[in-house]
Each structure stands twice: as C-alpha cells, then as structure tokens.
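Biologist: I have a structure open and would like to learn how to read it. Can we take the features one at a time?

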Amino acid sequence: MLDTSYRVEIPGGIELEAQVVGPVPRFLAFFIDFCIRGVLLIVAGIASIPFGELGFGFWFIIWFLIEWFYPVLFEVFRRGQTPGKKALGISVVNDDLTPVSFGTSLVRNLLRTADFLPFFYLAGLITMVSNSRFQRLGDLAAGTLVISVRETAKPADVSNITPLAPPTTLLRTEQTALVDFLHRSQHLSKPRQQELAKILDDITHSESANRVEQLHRIGAWFLGVR
Amino acid sequence: MKQQSFEQQHEHTWREIEQLLDKPKAAENSARCAECYMLLSQHLALSKQRLYDAALIERLNKLVMRLYRELYRYRSESRFNLYAFFRRDFPLSLYHHRYFIAVALLVFILPGVVAGLWIFFDEYAIYSVLDNDSVRQVEQMYDPAASKLGRERESETDILMFGFYIQNNISVAFRCFAAGLLAGVGTLLVLFSNGLHIGSVAGHLTRLDYVDTFYPFVVTHGAFELTAIVFSGAAGLKLGYAILNPGYLSRLSALRQTGRDAIPMLYGIVLMLIIAAFIEAFWSSSTSLPINVKYTVGGICWTLVLLYCFSGRRYGSR
C-alpha cells in the first residue's frame, strides 16, 4: 500500500506518527534555497568589490560557507528547516523523530554530492523513490528523513448541529468513521459527500436530500454533543 | 468518556502547552516540558485506545511530537569540546580508519611516485598527463624569478589566496568523501587523479631544477593538506566498503554506522585544511624567508602531524 505514514515508538510507550515527504516538495524547497543562496552570493560579491582583493578573499570563504554549511546551520539551529523547507512546511529529523545534530546534518549535506550524480540529483531521486521513507543517499547514511510539519486543518465546528441517536448499534471503528466524516466534509465536494453518504442508506433509511446532514448529526452524537 | 467531554476537560491544558511551545525559548522550561510530555502522552494513548476521531489524535500526536523534539533537541549548549576532540576523538577516529588510511595512502602515493619518476626521466612524458597550458602555468608559478609563489598566484594579497584555498581544498576533500558512496570507486578515482597530478608536477619541476622554489613552498602546508586529503579518502573508502561488505549488519545499518563514524573525521579534515590554507597563503608563499627555515619548519610540522596521527593507537583496545 502506498502510505507516507512513518511510525516510531518513543519513550513512554507512545507511538508517534509523522508523514514523510516525497521528491516534489523537497525539490521545490531545494529550488527556493538555491535561489536564496544565489542571491546571497551575488550580494556578498557586490559588497566585497570596494574592498578589492581582501574582499574577494572573504567572498571565497563566504562562498565556501554558503555552498556547504547553509543547509547544515539552518537544519541545526532552525529546527530542521532551511528557508525553503520552511516555506514548504517540511523539516529534517533523525529517523527517531528527534531533531538533527550538527554531525548528522553535516554528513547528510556533504553526501548531497553523491546524490547529485550523474547529473541533477538523479541518484538521489532514484534512491528516494526506491525506499518507503523517501530517503536520498545522504539521508540513508546520516539516518535522517524529511517529514511534514504543516499546520493541520481545524476540526469542523459542531456547535450548531443537533445530534441524532444512531438507528442501530455501531462498532467503535464505525463510530470513529462517522466522526471523521463529519470533520472531513469541509474538504469534500458536495457530490462526493452525497456519494459517500449513499453507501450507508441501508442504515440511515434517509431520502436523498438530507442523508449527509443526517450522518453529520449521528457523527456529532458520537462526538458527545448533546 | 465521549470525545467532546474529554476535549472540554483538557482543552485548557492543551492551549497552555501550545502557547508554551510557541515561545522561542520553550526548551529553557524543560521541567515543565517533561511534565507536559508525560501528560500528553497519556492523553494521546487514551484517545487512540478510545478511538477518538482522527483530527483529535492528529492534534495530540503533533503536540507530543513537538514536546518530544523540544526535550530531545540537539544540545548545542553542551558545546563542542575542542580539547577532547583533538586529544581523543580525532586520533581515535583515525585509528578506527587505519586500514582505509593505508589503502587511501597507497592509491594516492603510488601513481604520484610512478608518474613523478617517469616524468623526471622523460622530457615529454609530462604532456601525457597535463596539457600545454597547465604545464606552462605550473612552470610560471614556481619560476625562481617570481616574487610570489603558489597556485594561481596572480595577486599579491595573501587573504585572497587564503579564501581561495579554503573554498577549493575543503570542497575537494568533501567531494572525495562523498564520492565514496559509489562503492568507493569515486573516492579511488579522486585520490588517484590527485596523486597523479601532484606527482607529475613534482617530477616535472624537479627535472627543470625548480627544486628551491617548489619544495620549500609545498613542504609546510603539505603536512596538513596531503594528510587531510588522504583522510577524507579513507572516510570515503570506508563508506564504500560498508556498502560492499556490510558484515553482520544490513547494508543500510552498515552505511548509517559508517556515516556516524565519519563525523569526527570530517571535523578533523576541515580543521586541518583550514590550517593548511592559512600556512599556504601566509607562510609558504613568502619568498623572503630563507629556504632552510622553510624546510626546518616543514620538517617539524610533518613530524608533529605524523606523531599526532599515530597517537590514537593508545585507544586501540577500546
């Protein structure tokens, strides 16, 4: 099954779940960072002109730092996020979901060179799509992965829904499904809501007009609205 | 307990924790974080067990994860101990890489020696290794008549060359390491071609009798630079070897293990190359220093570096 969920058991016996991020957002984040780096280099270059060769000496050092340490410094001191990653809502973590340390981030980013081979991140892309956690070579060697830290959608407002007792006894998982349907409806189109609700016509015995609303009311009842 | 009552009961606490986490210095309040972490872990476990809906579980999951990351955050405050690194970690890491260092050294030196001797005895052999322009450039750089020595020395400013050497040399070392992921082949190629290049230049300049400019120039920073390149090669080779022969580990775990092992090597290599760049830009290039002084200082540097590199043997039993 295609599933981007990544689960890890943390101290306390709790299983945390994170969503790993695939090549496309990661490429976009890289592209944003690439542009920022380019601009930084140009600005540093212009700023160094008045200082002549002294300035260019420093420019080389800045070039070196931007080339190799730009991602490392951001990942370590900005919670796993370079500006590009921040814009895309993704973050680098160790594979036990702890924040990356300087050493692991360094390994991950130095091995970018190997991921780049033979041209334009082909090796990295192939590695990424051939394992379930979307890790490129550098991630594999450093034991890191990229997860989504995007803000989650707010649950639906249920205060103005009149709850309705279910017509029959439902399993706990079925009850959860109805509550989830209530919350997710705001992201589904009206026809799709109808389509999904129709599956349960045998239970709800409703006519077509209000079957969605009826399911929402049952969901609210299970949620505990009284 | 119905989900809504559960939410109503704890909403206040969750809000408070969210506010705590939104503050930039949340980690300072670590006692409170640990407390919240325990409490919320319990809430998350309860919600899962009671099959509360996905939105709530996701929210709690996210909160627990943020607390977890806050608690297990990289402690940059417990600063990098430079003394312990130089005294123990780096030499120990070199000791662990000793066989790879030996192989890297051979792959680096052998082509250099062979090419050097060949070029020394055969006037035209240099042109099979370098093209005309490069040969002319090298000859110019070490021409005894020049006022400043060294690679690409068109400028008189040492700081410019310092920056250039840092950018260039450390990048070469990093790439040499990274190329090891290609089952070690990339690293072997980088070491081989660098050894070949340096050996050829040395052979050619010796044949031209530019001995008094070339060797005093390279001897001091070479102690740091050449060794650092060999070390980066060794780290790269170990990476490749982990893929070829992972031993009793899976290939993936072997690769991870080796990646972690390489970290002190990388720190050491960067520091050595910064020292090398400093010496190369500010000391080696000077023409006013007497040759004997340069040879003496170079000799001292080589002795110290080699003694230092072998100092990890004392940790051999670990």
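**Reading the features**

Modeller: We begin with a nonpolar surface patch, to which helix 1 (23-48) and helix 6 (122-129) of chain A each supply at least two residues. Keep in mind that this is a predicted model.

Biologist: Which residues make the nonpolar surface patch?

Modeller: From the first of these helices onward, the list reads Val24(A), Phe27(A), Leu28(A), Phe31(A), Phe116(A), Phe119(A), Phe120(A), Leu122(A), Leu125(A), Ile126(A) and Val129(A). Together they cover about 1,000 Å². Take Leu122(A) as a sample: helix 6 of chain A holds this residue. Its relative accessible area is 31%, so Leu122(A) is partly exposed.

Biologist: Now strands. How do I read the side chains along strand 2 of chain A?

Modeller: Start with the general idea. Side chains in a regular strand alternate between the two faces of the sheet. Strand 2 (residues 14-19) of chain A follows that pattern. Ile14(A), Leu16(A) and Ala18(A) point to one face and are buried. Glu15(A), Glu17(A) and Gln19(A) point to the other face and are not buried.

Biologist: What does strand 2 of chain A pair with?

Modeller: Its partner is strand 1 (residues 5-10) of chain A, in the antiparallel sense, over 6 bridges. Ser5(A) sits opposite Gln19(A) of strand 2 of chain A. The two strands form a hairpin with 3 residues between them. There, Gly12(A) takes a positive phi near 105 degrees.

Biologist: Are the residues of strand 3 of chain A buried or exposed?

Modeller: Buried, 5 of 5, so strand 3 (residues 90-94) of chain A is largely enclosed by the rest of the structure. Ile90(A), Val92(A) and Asn94(A) point one way, and Ser91(A) and Val93(A) the other. Both sets are buried. Compare strand 2 of chain A, where one face is buried and the other is not.

Biologist: How many bridges join strand 3 of chain A to strand 4 of chain A?

Modeller: There are 5, and strand 4 (residues 144-148) of chain A runs antiparallel to strand 3 of chain A. To find the pairing on screen, look for Val92(A) opposite Val146(A).

Biologist: On to charges. How many salt bridges does a search of the whole structure find?

Modeller: The general idea comes down to charge and distance. Side chains of opposite charge can pair when their charged atoms come close. Here the search finds 18 salt bridges over all chains.

Biologist: What is the partner of Glu67(A)?

Modeller: Glu67(A) forms a salt bridge with Arg175(B), with the closest N and O atoms 3.1 Å apart. Glu67(A) is in helix 2 (residues 52-77) of chain A and Arg175(B) is in helix 8 of chain B, so the pair joins two chains. Glu67(A) is partly exposed at 24% relative accessibility. Arg175(B), at 36%, is also partly exposed.

Biologist: And within chain B, what does Glu18(B) form a salt bridge with?

Modeller: With Arg59(B), the closest N and O atoms being 3.5 Å apart. This pair links distant parts of the chain, 41 residues apart. Glu18(B) is in helix 1 (residues 3-22) of chain B, and Arg59(B) is in helix 3 (residues 54-71) of chain B. Glu18(B) is partly exposed, at 22%. Arg59(B) is partly exposed too, at 22%.

Biologist: Where do Asp133(B) and Arg136(B) lie?

Modeller: Both are in helix 7 of chain B, 3 residues apart, about one turn of the helix. Their salt bridge has its closest N and O atoms 3.4 Å apart. Asp133(B) is exposed at 51% relative accessibility, while Arg136(B) is partly exposed at 47%.

Biologist: Which residues are linked in a network of salt bridges?

Modeller: Arg26(A), Glu75(A), Lys85(A), Arg108(A) and Asp139(A).

Biologist: Last, pockets. Which residues lie nearest the centre of the second largest pocket?

Modeller: The idea first. Rolling a probe the size of a water molecule over the atoms shows where empty space is left. In this model, the second largest pocket has a volume of about 1,400 Å³. Its lining counts 47 residues, and those nearest the centre are Phe108(B), Ile198(B), Gly222(B), Glu225(B) and Leu226(B).

Biologist: Which helix gives the largest share of that lining?

Modeller: Helix 10 of chain B, with 13 residues. Among the other helices that supply at least two lining residues each are helix 4 (82-96) and helix 5 (98-121) of chain B.

Definitions and conventions
Residues are numbered from 1 along each chain as its sequence is written. Chains are lettered from A and ligands numbered from 1 in the order in which they are written. This is a predicted model: local features need pLDDT of at least 70, side-chain atom pairs count only at pLDDT 80 or more; totals for chains, interfaces and linings use all residues. Side-chain values use heavy atoms; hydrogens and water are left out. Buried means under 20% relative accessible area, exposed over 50%, partly exposed in between (1.4 Å probe, protein chains only). Helices (H or I, at least four residues) and strands (E, at least two) are DSSP runs, numbered from the N terminus. Two strands pair if DSSP finds at least two bridges between them. Patches are made of residues with over 30% relative accessible area and no salt bridge: like charges are joined within 9 Å, nonpolar side chains (Val, Leu, Ile, Met, Phe, Trp, Tyr) within 5 Å. Accessible areas come from the Shrake-Rupley method with a 1.4 Å probe; for residues, only the protein chains shown count as cover. A salt bridge is a side-chain nitrogen of Lys or Arg within 4 Å of a carboxyl oxygen of Asp or Glu. On a 1 Å grid over the protein atoms alone, a cavity is a set of points where a 1.4 Å probe fits but cannot get out, and a pocket is an open set with protein on both sides within 12 Å along at least five of seven lines; lining residues have an atom within 4 Å of a point. Grid points are joined across faces, edges and corners, and a volume is the space filled by probe spheres set on the points.
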